[in-house]
Amino acid sequence: MSLPSVVVIGGGVIGRTSALALARQGHRVTLVSKDDPADTTSILAGAVWMPVYAEPMDKLVAWGRATFDRLVPLATDPQATGVQLLRGTVWYAVDEPDLRWIEGAGDVEIVAGRAGGPAGAKRAATATLPCIDMSRHLPWLQKQGAAAGVVEERRAVSSVDEAAALADLVVLATGLETGALVPGSGMYPIQGQTVRVANPGGIGWASYEDAEVTTYVIPRIDEIIIGGTHVVGATSLEPDPALEATLLERAIALKPQLAGSPVTSRAVGLRPGRDAVRLERIGDVIHNYGHGGSGVTVAYGCADEVAALARG
Ligand SMILES: Cc1cc2nc3c(=O)[nH]c(=O)nc-3n(C[C@H](O)[C@H](O)[C@H](O)COP(=O)(O)OP(=O)(O)OC[C@H]3O[C@@H](n4cnc5c(N)ncnc54)[C@H](O)[C@@H]3O)c2cc1C
């Protein structure tokens with residue numbers, strides 16, 4: 001008996017990893033997305049592998065672990081895949097930070113005290129983690145999908161019924177905009193501002209979580225992404241120049257090598273927030289959205305679960 005055909009709605013990291021897993025499982029897969037990959041939230045992500053800023057943490061850690069294992073081999077060709085394995089440190093301004101994420105990671109070293117970090121830091125965790133340049137990884141995923149047989153359409157779908165008419169099974173990977181298709185979807189924006197500077201080379205990732213402004217430094221291949229805020233409910237996509245100046249100053253305090261690196265671009269993105277990730281099958285519809293600040297970190301693990309749900 002042949003496998004059910006599937007239409008995946010959404011062409012961000014969640015839709016593309018789902019489509020790839022399904023195509024490799026043998027389904028006939030169509031991916032429908034109203035936006036080009038370059039216009040998705042996914043392209044704006046840092047992105048460092050770290051299961052944080054989403055729930056439930058036990059599932060995030062399991063999906064994250066599966067994703068980690070999938071990303072590591074891709075780091076052998078960073079120019080093509082955008083994936084690098086980099087050492088870095090997250091500093092915390094509290095004595096007992098939420099360290100649940102480390103269960104999904106490899107070699108994490110927890111250090112008490114400031115550990116050479118910024119003034120006010122009380123604890124640190126150092127680890128080698130995948131850093132994913134989404135400007136390369138998303139196009140790479142698109143090519144992998146095409147090679148596996150995923151057929152792509154660029155248009156908006158206006159209802160789940162419309163999607164259901166296209167295939168036996170529907171996967172909703174529509175991120176923040178899911179509410180237009182699923183009333184009461186529980187989605188809300190978590191705004192994040194970033195600024196990008198030229199990558200001077202030889203820089204690992206870094207992050208400082210304190211009450212003022214969480215600051216992170218995440219290397220892409222040619223740029224460094226400096227962020228960033230987590231403002232629940234804010235919807236503006238306009239960068240705030242004063243905040244950008246603060247972020248740059250704090251990033252240089254973390255990584256003095258960045259002083260003098262020219263700003264290359266800036267962006268504000270809206271993370272697809274939800275009180276808990278929704279990943280479940282109801283009838284012939286598989287829901288896969290609400291990954292907040294962890295979509296890249298958990299995408300491949302979630303895609304494996306989508307493929308399992310499609311098997312019935
Ligand atoms: C500043 C910032 C930094 C981040 N840093 C990290 C990080 O370091 N690590 C990490 O893991 N995550 C990070 N994230 C979070 C991550 O980017 C998201 O969790 C992830 O991109 C969500 O992917 P998605 O595919 O669900 O959504 P999206 O990328 O938004 O994709 C949704 C897709 O659905 C399509 N769509 C929606 N409605 C319709 C419709 N009706 N018809 C057709 N198509 C439709 C859209 O066109 C789009 O293709 C960050 C996010 C931001 C903004």
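Me: Why is glutamine 193 called buried?

Reply: Its relative accessibility is 5%. Buried means under 20% relative accessible area, exposed is over 50%, and partly exposed is in between (1.4 Å probe, protein chains only). So glutamine 193 counts as buried. Bear in mind that this is a predicted model: local features need pLDDT of at least 70, side-chain atom pairs count only at pLDDT 80 or more, and totals for chains, interfaces and linings use all residues. Residues are numbered from 1 along each chain as its sequence is written, and side-chain values use heavy atoms, with hydrogens and water left out.

Me: What makes the link between glutamine 193 and aspartate 240 a polar contact?

Reply: The glutamine 193 side chain reaches the backbone oxygen of aspartate 240 at 3.0 Å. A polar contact is a pair of N or O atoms within 3.5 Å; within protein, one must be able to donate a hydrogen and the other to accept it, and sequence neighbours count only if both atoms are side-chain atoms. So 3.0 Å makes the cut. Glutamine 193 itself is in strand β8, where strands (E, at least two residues) and helices (H or I, at least four) are DSSP runs numbered from the N terminus.

Me: How do you know whether aspartate 133 is buried or exposed, and what does its side chain reach?

Reply: Aspartate 133 comes out at 2% relative accessibility, so it goes down as buried. Its side chain reaches the backbone nitrogen of isoleucine 221 at 3.0 Å. You'll find aspartate 133 in the loop between β5 (123-132) and α4 (134-148).

Me: Why is the pair of tryptophan 49 and phenylalanine 68 called edge-to-face?

Reply: The search of the whole structure turns up one aromatic pair. In that pair, tryptophan 49 and phenylalanine 68 are 5.0 Å centre to centre, with 90° between the planes. Rings of Phe, Tyr and Trp (its six-membered ring) pair if their centres lie within 6.5 Å; planes under 30 degrees apart are stacked, over 60 edge-to-face, and the rest tilted. So 5.0 Å makes it a pair and 90° makes it edge-to-face.

Me: Which parts of the chain does the pair link, and are its two residues buried or exposed?

Reply: Tryptophan 49 is in the loop between β2 (29-33) and α2 (57-71), while phenylalanine 68 is in helix α2, 19 residues apart. Tryptophan 49 has 0% relative accessibility, so it counts as buried. Phenylalanine 68, with a relative accessible area of 7%, is buried too.

Me: What makes arginine 65 a charge over the ring of phenylalanine 68?

Reply: The charged end of arginine 65 sits over that ring, 4.8 Å from its centre. The rule asks for NZ of Lys or CZ of Arg within 6 Å of the ring centre and within 35 degrees of the ring normal. So the 4.8 Å distance fits the 6 Å limit.

Me: How do you know which residues are around the ligand?

Reply: A residue is near if one of its heavy atoms lies within 4 Å of the molecule. There are 38 residues around the ligand, and Gly11, Asp35, Ser42, Gly292 and Thr297 come nearest. By class, the shell has 14 nonpolar, 19 polar and five charged residues. Here Ala, Val, Leu, Ile, Met, Phe, Trp, Tyr, Cys and Pro are nonpolar, Asp, Glu, Lys and Arg charged, and the others, Gly among them, polar.

Me: Which residues have polar atoms at the oxygen atoms of the ligand?

Reply: A polar backbone atom of valine 13 is 3.4 Å from a ligand oxygen. For isoleucine 14, a backbone N or O atom lies at 3.1 Å, and a polar side-chain atom of threonine 41 is at 3.3 Å. Taken alone, the ligand exposes 1000 Å², and the protein buries 96% of that (areas by the Shrake-Rupley method with a 1.4 Å probe; for residues, only the protein chains shown count as cover).

Me: Why is tyrosine 53 called partly exposed, and what is its phi?

Reply: Its 34% relative accessibility falls in between the two limits, so partly exposed it is. Its phi is positive, about 55°, although tyrosine 53 is not a glycine. Most residues other than glycine have a negative phi, and most peptide bonds are trans.

Me: Which peptide bonds are cis?

Reply: Among them is the bond from glycine 46 to alanine 47, with omega near -5°. A cis bond also joins glycine 227 and glycine 228, with omega about -25°.
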